[in-house]
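Let us walk through this protein chain one region at a time. Keep the model in view as you read.

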Amino acid sequence: MNTGMYTVVGHEGPAVLLVHGFGAFFEHYRDNIHPIADRGKRVWAITLLGFGKSEKPNVFYSELMWAELLRDFIIQVVGEPVHLVGNSIGGYFVAIIVGLWPALAKSVVLINSAGNVIPGYASVPSPKERRTSGAAWLGARLLLPFLRLRLPSIVKNCYPTKMARADDRLLNEMLRSSFDPGALVLLESIFSFDLSIPLNYLLKGFNERVLIIQGMKDPISDSQSRVAMLREHFAGIVIKELNADIAPMMSCQTK
């Protein structure tokens, strides 16, 4: 299976892989790719399978499937361990990589990442077979027309600190990709995501190499409570609070 579209900038230095969130694509890092490369890094930014201009096959999308595709991308395309950067659900995907294949990761940056912190979490439940339910099938078909109709306001509300970043370039590509064959199958996945394995378990033993960036004006999460929980139960990590929203790499200069 194709791992997805990507761009690469830089010719020498450590490898960095940028992973976007749900509904996004690698252009969400457009203000970051070249500045990171200019600091002596080789930067890969991927558009995950199912998003943007990447293929949208008729498969069951899951957090593990995307993590496995990222694993394959690191091995087959990059060819060496990488510094991982993930935003939103992309942060959870890269945390899975660290939890399952730690040799592939040099460090992790989680930007307004999805995933929970559960103190004392000690074991992973046995995997269960998941299939698309009738409710997910119907929900996707009701949700997609609404998202298309309200797309500009929804996206701008996600970036309250810099609404101008929700420009025509971004909105047009998000709208265009929603008409791709397979877009409905992708949307069905949001009804079956399983983020039950917490970040503190996935990143256990990796804490000294984890940076968490939290945009404190994220409109879809309680950033204050989240940062407090992370500080209390995630010893050894570095947390940076920014005056930014759900995607700080778009709304402010991420250093």
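About 580 Å³ of space lies inside the second largest pocket of this predicted model. Its lining is made of 20 residues. Glu63, Val124, Pro127, Asp194 and Ile197 are the ones nearest the centre. Three elements give two or more residues to this lining: H2, H3 and helix H7, which spans 199–202. H3 supplies the largest share, with four residues. What mix of residue types lines this second largest pocket? Eleven are nonpolar, four are polar and five are charged.

Now turn to the largest pocket. Its volume is about 1,100 Å³. There are 43 residues in the lining, and Gly21, Phe22, Gly23, Ala24 and Met174 sit closest to the centre. Helix H4 (134–158), helix H5 (168–177) and helix H6 (183–188) each give two or more residues to the lining. Which element gives the largest share of this lining? H4 does, with eight residues. By type, the lining of the largest pocket divides into 24 nonpolar residues, 15 polar ones and four charged ones.

Next comes the sheet. A general point helps here. Strands of a sheet pair through backbone hydrogen bonds, and the pairing can be parallel or antiparallel. In this structure, seven strands form an open sheet with mixed pairing. Read across the sheet, the order is E1-E3-E2-E4-E5-E6-E7. Why do strand E1 (4–9) and strand E7 (238–242) each have one side without a neighbour in the sheet? Both stand at the edges with a single partner strand each, so one side of each is left free of a neighbour in the sheet. Neighbouring strands are turned by 20 degrees against each other on average, direction ignored.

Look at one pair in detail. E1 pairs with strand E3, residues 42–48, in the antiparallel sense. Six bridges join them. One example is methionine 5, whose bridge partner in E3 is threonine 47.

Helices lie against this sheet. Helix H2, residues 63–78, lies across E1, strand E2 (15–19), E3 and strand E4 (82–87). H2 runs at about 145 degrees to E3. Helix H3, residues 89–100, also packs on the sheet. H3 touches E2, E3, E4 and strand E5 (105–111). The direction of H3 makes about 145 degrees with that of E4. Recall that H2 and H3 also help line the second largest pocket.

Between E3 and H2 there is a loop, and proline 57 is found in it. Which residues does proline 57 touch, leaving aside those up to four places away in sequence? Its contacts are Leu49 and Val185. Compare aspartate 245: proline 57 and aspartate 245 are 188 residues apart in sequence and 31 Å apart in space, C-alpha to C-alpha.

Finally, consider charge. Side chains of opposite charge can pair when their charged atoms come close. The structure holds ten salt bridges. One of them joins the side chains of arginine 30 and aspartate 167, at 2.6 Å from N to O. This pair links distant parts of the chain, 137 residues apart. Arginine 30 is in the loop between E2 and helix H1 (33–38). Aspartate 167 is in the loop between H4 and H5.

Note on methods: Residues numbered from 1 in each chain as written. Predicted model: local features only at pLDDT ≥ 70, side-chain atom pairs only at ≥ 80, totals over all residues. Heavy atoms only, no water. Pairing = 2+ DSSP bridges. Axes fitted to C-alpha atoms, helices over the stretch in contact; angles between N-to-C directions. Contact = heavy atoms within 4.5 Å. 1 Å grid on protein atoms, 1.4 Å probe; cavity = no way out; pocket = protein on both sides within 12 Å on 5 of 7 lines; lining within 4 Å. Points joined across faces, edges and corners; volume = space filled by probe spheres on them. Nonpolar A, V, L, I, M, F, W, Y, C, P; charged D, E, K, R; others polar. Salt bridge = Lys/Arg side-chain N within 4 Å of Asp/Glu carboxyl O.
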